[in-house]
Amino acid sequence: MDIPAMSMSLAQNNLSQAVGISVLKMAKEQMAEQGQQVVQLIERSVQPNLGGNLDISV
């Protein structure tokens, strides 16, 4: 394989790897944001008095 062809191949591989890493970073950031939103939803839905008392009538 000649030098220019090898250089082009390496450059394409590097670009492909950089694009893949960028896509993974975006996916990671999006998942972190969704996780924070789920935590906020759970915090808003918590009712501390729910289930604290049990009234039984016979």
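The secondary structure of the protein, taken from a predicted model, consists of one helix and zero strands. The radius of gyration is 27 Å, well over the 10 Å that the globule rule gives for 58 residues, so the protein is more spread out than a compact globule. The C-alpha trace spans about 90 × 20 × 10 Å along its principal axes.

Solvent accessibility was examined next. Of the 58 residues, 0% count as buried, where burial requires a relative accessible area under 20%. The surface that the protein exposes amounts to about 5,800 Å², and 60% of this area is supplied by carbon and sulfur atoms.

A nonpolar patch on the surface is formed by Leu 15, Val 19, Val 23 and Met 26. Together, these four residues contribute about 390 Å² of accessible area. Within this group, Leu 15 is found in helix H1, which comprises residues 3–45. The relative accessible area of Leu 15 is 56%; because the cut-off for an exposed residue is over 50%, Leu 15 is classed as exposed. Leu 15 is thus both a residue of helix H1 and a member of the nonpolar surface patch.

Terms used
Residues numbered from 1 in each chain as written. Predicted model: local features only at pLDDT ≥ 70, side-chain atom pairs only at ≥ 80, totals over all residues. Heavy atoms only, no water. Helix = DSSP H or I, 4+ residues; strand = E, 2+ residues; numbered from the N terminus. Rg over C-alpha atoms; globule rule 2.2 N^0.38 Å. Buried < 20%, exposed > 50% of the residue type's maximum accessible area, 1.4 Å probe, protein only. Areas by Shrake-Rupley, 256 points an atom, 1.4 Å probe, with all protein chains shown as cover. Patch = residues over 30% accessible without salt bridge, like charges linked within 9 Å, V, L, I, M, F, W, Y side chains within 5 Å. Salt bridge = Lys/Arg side-chain N within 4 Å of Asp/Glu carboxyl O.
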